[in-house]
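Biologist: Please give me a close look at one part of this model. I would like to start from the charged side chains and then see the elements around them.

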Amino acid sequence: MVDIEIQIPASFDPFAEAELTDATGSAKEYVHIRIQQRNGRKSLTTVQGLKKELSYDKILKDVKKAFCCNGTVVNDKELGKVIQLQGDQRKNVSNFLVQAGIVKKDQIKVHGF
């Protein structure tokens, strides 16, 4: 018989990028845009990591009007305020945040399939 050594790869952690630090040792402030599958073809886009001094309600109002979708601001214990939008709005939201001058393009991480 031949001894076969099997290596099981470690599980992939999609949130590991959020904990990366830059050369100065401080965590980079990324805005994470994720998609969550609901049921069937329905999906939910979440925006997390915006600065706390920004008005989430005004951003949400402008995004809802620009992309004709519904949304809400959710207070999470760990993540703080998170914007939730109906549908797959990842590209739309990232372009909106850059054009509005809220964040720079290199500060945005888009996650999802």
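Modeller: A search of the whole structure finds 1 salt bridge (a side-chain nitrogen of Lys or Arg within 4 Å of a carboxyl oxygen of Asp or Glu). The model is predicted, so local features need pLDDT of at least 70 and side-chain atom pairs 80 or more, while totals for chains, interfaces and linings use all residues. Residues are numbered from 1 along each chain as its sequence is written, and side-chain values use heavy atoms, leaving out hydrogens and water.

The partners are Arg 90 and Asp 88. Their closest N and O atoms are 2.9 Å apart. Arg 90 is buried, at 11% relative accessible area. Asp 88 is partly exposed, at 39%. Buried means under 20%, exposed over 50%, and partly exposed in between, with a 1.4 Å probe and protein chains only.

Now the helix. H2 covers residues 90-99. Helices are DSSP runs of H or I with at least four residues, strands runs of E with at least two, both numbered from the N terminus. H2 lies across S1 (31-37), S2 (43-48), S4 and S5, where contact means heavy atoms within 4.5 Å. H2 runs at about 160° to S1. Such angles run from 0 to 180 degrees between N-to-C directions, with axes fitted to C-alpha atoms, for helices over the stretch in contact.

H2 also carries Phe 96, which is buried at 17% relative accessibility. The structure has 1 aromatic pair. The rings of Phe 67 and Phe 96 have centres 6.2 Å apart and planes at 80°, so the pair is edge-to-face. Ring centres of Phe, Tyr or Trp (six-membered ring) must lie within 6.5 Å; planes under 30 degrees apart are stacked, over 60 edge-to-face, the rest tilted. Phe 67 belongs to H1, and 29 residues separate the two rings' positions in the chain.

H1 (residues 56-67) lies across S3 and S4, at about 10° to S4. S3 and S4 (residues 80-86) pair antiparallel over 6 bridges; pairing takes at least two DSSP bridges. One bridge joins Gly 71 to Leu 85.

The sheet itself is open and mixed, with 5 strands in the order S3-S4-S2-S1-S5. S3 (71-76) and S5 (108-110) are the edges; each has a single partner strand, so one side of each lacks a neighbour. Neighbouring strands are turned by 25° against each other on average, direction ignored.

One more charged contact remains. The charged end of Lys 109 sits over the ring of Tyr 30, 4.7 Å from its centre (NZ of Lys or CZ of Arg within 6 Å of the centre and within 35 degrees of the ring normal).
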